[in-house]
Amino acid sequence: MHPPSLNTPHLPLQLIPTTTTTTMAPPPPPPEYSQSVKLKYVKLGYHYLVNNFLIFLLLPIILSLTIEALRTTPEELQKLCNSIKLTLIHVIFSLFLVIYISTYYIMSRPRPVYLVDHALFKPPASFRVSFAGFMEHARMAPFSEPRSVHFQMKILERSGLGEQTSLPPAIRYIPPSPNMNLAREEAELVIFTCMDSLIQKTGVEPKDVDILVLNCSLFSPTPSLTAMVVNKYGMRSNIKSFNISGMGCSAGLISIDLAKDLLQHHPNSNAVVISTEILTPNSYMGKERAMLLPNCLFRMGGAAILLSNRRSDRRRAKYRLAHVVRTHKGADDKSYRCVSQEEDSEGNVGIKLNIDLMAIAGEALKSNITTMGPLVLPASEQLLFALSLIGRKMINSKWKQYIPDFKQAFDHFCIHAGGRAVIDELQRSLRLTAEQVESSRMSLHRFGNTSSSSLWYELSYIESKGRMKKGDRVWQIAFGSGFKCNSAVWKCNRTVDRTAEDGGPWADCIDKYPVYIPEVVKL
């Protein structure tokens, strides 16, 4: 995204008669102080001063005490020690107190949770669905009509998707023929491919996995998908397995949160988290516009993540989990119903997206960042936010609320690639740059909306670009039905070598990205 032009517009020339006096040129416009270099350094100085306030406060005290200690003679020190009458009981009690406090602190602090590595599903080239192919199938489907075909074309033109996204074979049949067997085949292909890749990358043995969490919102067969994984890889009989369904696109971070809580109670353990969405049984075959939208956006995808709390995995782990914040707005009826699986008037089942979805997502995001802000924002941003809040409450309620600059807290952003409108709205709300939402836009373009696994395609994009450095902080934000907004913060544990992602989903195309994505792609 190019910055707006700073050139002033050309004023039309006016013919002035020779008999009149020459008029003075209009005064130049006032300078853009917000863009000035001086103000930039003032902001930097403010952040530096507030964020290091304690250091500046303690430094003179420490210097004074040091100087005073240097002036003290050995005789004065001896006299001071003699004045403090310590008995053996005092010494023993003091040592016991120090040991007790240290032990309590070590035992009560949460165990660190590390992300050792992650693996993603890359669909076969034969599953690719071009714009022309998608529209041809839409026209040839027996249940379609010209109005619904035109609507899908308009959505696809403005979706932000590219020509390389993929759909399972059952949906590409004419007419589509989804059934249980084909849905299981898709699930096995996606999940087993991710698991095989994760085992190869990390070297973990299936029998060594202690916890297994799998989320798939709309396909929940019996036996469960976790049972399918346990059976395929011959995992232990005492493995703790959890199958999460119906939680929408934010279920990936719910699974991470569940695995984190389990790892807190089970020392020296690891957990595999699998996030996917099976599309075969969930293609809408009707004419309702609000239910046709997911057909245009959702595509195949999946991710497998290895988490661990073992000290032996600390050095090789890519990230350490810092925070997970979950927000659920289901108590509100509008939020609860804005994304729902329903039947249309003809009995066709599909996912219905209400028109007020973006407004509800904005409210959920506001609640989420209100909780997240104090955990991650520097003191300078928290002070500005607090002053703004006090001013609105006590002075003028019409004051514009200060939006914290989350760029001060994070180096990378992974926004759920639910669609172009979602990314646009979050970029505007959080005042992010084009580069900071690049991973989300490019993931949407290359893979489409892969539901709960989209965050991991975005993280893999950043890694494949060689941008992930040790100490960087990543913010993942996802939305889901219910309505939920969940976010997670990761701290990079080591610099990620871009060559390590040679076998990943971006391996054959990362050098082509970023690409220009027009507002409308005419079909």
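Hi everyone, let's start with the inside of this protein: buried residues make up 45% of the 523 residues in the chain. Please keep in mind that what we are looking at is a predicted model. Running along the chain you will find 17 helices and 11 strands. If you take the contacts between residues at least 6 apart in sequence, 79% of them join residues at least 24 apart.

Now let's turn to the sheet. A quick reminder for the newcomers: strands of a sheet pair through backbone hydrogen bonds, either parallel or antiparallel. Here nine strands form an open sheet with mixed pairing, and the order across it is β3-β2-β4-β5-β1-β6-β11-β10-β9. Which strands sit at the edges? They are β3, residues 240-244, and β9, residues 412-415, and each of them pairs on one side only. From one strand to the next, the twist averages 20 degrees.

Let's zoom in on one pair in that sheet. Strand β6, residues 319-328, runs antiparallel to strand β11, residues 484-492, and nine bridges link them. If you want a spot to click on, try tyrosine 319, which stands opposite cysteine 492 in β11.

Two helices that pack on the sheet are worth finding on your screens. One is α9, residues 225-233, which touches β2 (211-215), β3 and β4 (270-276), and its direction makes about 135 degrees with that of β2. The other is α10, residues 251-265, whose direction makes about 165 degrees with that of β2. Helix α10 touches β2, β3, β4, β5, β6, β10 and β11.

While we are in this region, look at the loop between β3 and α10, where you will find glycine 248. Is glycine 248 buried or exposed? Its relative accessible area is 11%, so glycine 248 is buried. What does it touch, once we leave aside its neighbours within four places in sequence? Glycine 248 is in contact with Ser217, Ser451, Ser452, Gly480 and Ser481. Take Ser452: this serine is 204 residues away from glycine 248 along the chain, and yet their C-alpha atoms are separated by 7.2 Å.

A second loop residue to look at is aspartate 313, between β5 and β6. Aspartate 313 counts as buried because its relative accessibility is 8%. Leaving aside neighbours within four places in sequence, aspartate 313 is in contact with Val116 and Ser308.

Let's finish with helices packing on helices. Helix α5, residues 131-140, meets helix α6, residues 146-157, at an angle of about 165 degrees, and their axes are 10 Å apart. That angle is why we call α5 roughly antiparallel to α6. On the α5 side, the contact is made by Phe131, Phe134, Met135, Ala138 and Arg139, and on the α6 side by Val149, Gln152, Met153 and Leu156. Sorted by class, that gives seven nonpolar, one polar and one charged residues.

The other pair brings us back to α9, this time with α8, residues 180-202. The axes of α8 and α9 come within 11 Å and cross at roughly 55 degrees, so α8 is oblique to α9. Their crossing is right-handed. Residues of α8 that take part include Ile191, Phe192 and Met195, while those of α9 include Leu225, Met228 and Val229. By class, this contact has nine nonpolar, no polar and three charged residues.

Thanks for listening, and enjoy exploring!

Terms used: Residues are numbered from 1 along each chain as its sequence is written. This is a predicted model: local features need pLDDT of at least 70, side-chain atom pairs count only at pLDDT 80 or more; totals for chains, interfaces and linings use all residues. Side-chain values use heavy atoms; hydrogens and water are left out. Two strands pair if DSSP finds at least two bridges between them. Helices (H or I, at least four residues) and strands (E, at least two) are DSSP runs, numbered from the N terminus. Axes are lines fitted to C-alpha atoms, for helices over the stretch in contact, and angles run from 0 to 180 degrees between N-to-C directions. Contact means heavy atoms within 4.5 Å. Buried means under 20% relative accessible area, exposed over 50%, partly exposed in between (1.4 Å probe, protein chains only). Angles under 35 degrees count as roughly parallel, over 145 as roughly antiparallel, 65 to 115 as roughly perpendicular and the rest as oblique. Ala, Val, Leu, Ile, Met, Phe, Trp, Tyr, Cys and Pro count as nonpolar, Asp, Glu, Lys and Arg as charged, and the others, Gly among them, as polar. A crossing is left-handed if the near helix is turned anticlockwise from the far one by less than a right angle, and right-handed if clockwise.
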